[in-house]
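Hi,

Here is the structure I promised to send over. Have a look at it first, and then read on for what turned up.

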Amino acid sequence: MRTVPLSSYRSGGRRCLQDVALVTSVRMAETALGRGGDVAGRFGADRSPVLPGEIVGVAQAVGTGLLPINGLRHPPAGRACGWYIWAGEELSSAADFFEPRHVEHLGPLSQWVRPYLELAPGWRFLIAPGYEDVWFDAGLLQGAQAGR
């Protein structure tokens, strides 16, 4: 087992409250991630649930045991709901980093991320065993405002 300081998950001046012991070969099916529940209510966020048939961008590494799980939501466009979900500390700019998936096809990942998918555009989350961070990032909305 190795201990990973939560400050290594994300920088940017946000305070991390605790360290989490992570097993390097953790399997998502055996791990409780974040707190779930009424995420929007706990963080005072607007709700904008993903609808059946909408598309989520999911990185290939999600579901492999790589942690933390990250998500960010841009404004929706067409059938894409704006959510992009990836695992690990690095967000790649490669064109094929995210694969489009219908929200109904998130599989086992759904049980951990579903509560966060109610957050409106502009919100982000980072979850790991025993850790949850949810915050608003106005920069995610700037492109949409510039296009008006």
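A quick definition before we start: two strands count as paired if DSSP finds at least two bridges between them. By that rule β3 and strand β6 (residues 98-102) are a pair, antiparallel and joined by five bridges. One of the matches is Ala59, whose bridge partner in β6 is Phe98. Please keep in mind that this is a predicted model.

Now the overall picture. The protein has three helices and eight strands, and starting at the N terminus they come in the order β-β-α-β-β-β-β-α-β-β-α. Of the 148 residues, 45% are buried. If you take the contacts with a separation of 6 or more, 62% of them are between residues 24 or more positions apart. The accessible surface comes to about 8,000 Å², with 51% of that belonging to carbon and sulfur atoms.

Six of the strands make an open sheet, ordered β6-β3-β5-β4-β7-β8, with mixed pairing. β6 and β8 are at the edges with a single partner strand each, so each has one side without a neighbour in the sheet. From one strand to the next, the twist averages 20°.

Back to β3, then. How many residues of strand β3 (residues 55-59) are buried? Five of the five, so the strand is largely enclosed by the rest of the structure. Ile55, Gly57 and Ala59 point one way, Val56 and Val58 point the other way, and all of them are buried. Besides its pairing with β6, β3 runs parallel to strand β5 (residues 80-87), and three bridges join the two. Here Ile55 sits opposite Ala80 in β5.

At the β8 end of the sheet, strand β7 (residues 123-128) pairs with β8 in the antiparallel sense over six bridges. Ala128, for example, has Tyr131 in β8 as its bridge partner.

One residue to look up while you are there is Phe136, which lies in strand β8 (residues 131-136). Is Phe136 partly exposed or buried? Its relative accessibility is 42%, and buried would need under 20% while exposed would need over 50%, so Phe136 counts as partly exposed. Leaving out residues up to four places away in sequence, Phe136 touches Pro121, Gly122, Trp123 and Leu141. Phe136 and Ala120 are 16 residues apart in sequence, and their C-alpha atoms are 9.3 Å apart in space.

Happy browsing!

How values were computed
Residues numbered from 1 in each chain as written. Predicted model: local features only at pLDDT ≥ 70, side-chain atom pairs only at ≥ 80, totals over all residues. Heavy atoms only, no water. Helix = DSSP H or I, 4+ residues; strand = E, 2+ residues; numbered from the N terminus. Buried < 20%, exposed > 50% of the residue type's maximum accessible area, 1.4 Å probe, protein only. Contact = heavy atoms within 4.5 Å. Areas by Shrake-Rupley, 256 points an atom, 1.4 Å probe, with all protein chains shown as cover. Axes fitted to C-alpha atoms, helices over the stretch in contact; angles between N-to-C directions.
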